[in-house]
Amino acid sequence: MAHLIFEYSANLAQDGDIAGLLRKANHVLIGTGLFPVGGIRSRALRLDEFCVADGDHDDAFVHATVKIGAGRSPQAVKDTAQALFEMMQQHFAALFQQRYLALSLELSEFPEAGTLKHNNIHKRYAKN
């Protein structure tokens, strides 16, 4: 299981290709081979009310929160975070050159205890 939540400032809505960012993020996670494809979820939350720095400029930001189930090695967790962050940097490289933009990512693991799931999407990816 891997869930991604991208929070982004509304001033990126037109030029940020957020739908493309979501697809790229899922492909990065699939490419690691660490997460069941049917358990990967990405979503973006446009924030219409925000303040960056002193609030006097048209600064923009994207913050990614990645939540994964526990059980992967510390190196695998670090590599996953790094791969996702590098993808974010590449995705926004042109905008980064044109405007003030802050990118950030945090990855956290949560224990299986207390996590409830019901998902029939996995069946589509099961190997027979």
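Which residue of strand 2 does Ile-5 stand opposite? In this predicted model, the residue across from Ile-5 is Arg-43. That pair is a handy place to start a tour of the sheet, and the rest of the fold can be built up around it.

Strand 1, covering residues 2-9, and strand 2 run parallel and are joined by eight bridges. As a general reminder, strands of a sheet pair through backbone hydrogen bonds, in either a parallel or an antiparallel manner. Here the sheet is open and consists of four strands, arranged in the order 2-1-3-4 with mixed pairing. The edge positions belong to strand 2 (40-47) and strand 4 (101-110); each has a single partner strand, so one side of each is left without a neighbour in the sheet. From one strand to the next, the twist averages 15°.

Two helices pack on this sheet. Helix 1 (residues 18-32) touches strand 1 and strand 2, and its direction makes about 150° with that of strand 2. Helix 2 (residues 74-91) touches strand 1, strand 3 (60-69) and strand 4, with its direction at about 155° to that of strand 4. Strand 1 is thus touched by helix 1 and by helix 2.

Taken as a whole, the protein chain contains four helices and four strands, which follow one another along the sequence in the pattern β-α-β-β-α-α-β-α. The C-alpha trace spans about 55 × 30 × 30 Å along its principal axes. Of the contacts with a separation of 6 or more, 82% are between residues 24 or more positions apart. Of the 128 residues in the chain, 37% are buried.

The surface and the charges complete this overview. The protein chain exposes about 8000 Å², and carbon and sulfur atoms supply 51% of that area. Its side chains include 13 positive and 14 negative ones, and the centres of the two sets lie 16 Å apart.

Finally, is Gly-114 buried or exposed? This glycine sits in the loop between strand 4 and helix 4 (122-125). Gly-114 has a relative accessible area of 78%; because the cut-off for an exposed residue is over 50%, Gly-114 counts as exposed. Relative to Ile-40, Gly-114 is 74 residues away in sequence, and the C-alpha to C-alpha distance between the two is 19 Å. Ile-40 itself belongs to strand 2 (40-47), one of the edge strands described above.

Technical notes:
Residues numbered from 1 in each chain as written. Predicted model: local features only at pLDDT ≥ 70, side-chain atom pairs only at ≥ 80, totals over all residues. Heavy atoms only, no water. Pairing = 2+ DSSP bridges. Axes fitted to C-alpha atoms, helices over the stretch in contact; angles between N-to-C directions. Contact = heavy atoms within 4.5 Å. Buried < 20%, exposed > 50% of the residue type's maximum accessible area, 1.4 Å probe, protein only. Areas by Shrake-Rupley, 256 points an atom, 1.4 Å probe, with all protein chains shown as cover. Lys, Arg positive; Asp, Glu negative; His and termini not counted. Charge placed at Lys NZ, Arg CZ, Asp CG, Glu CD.
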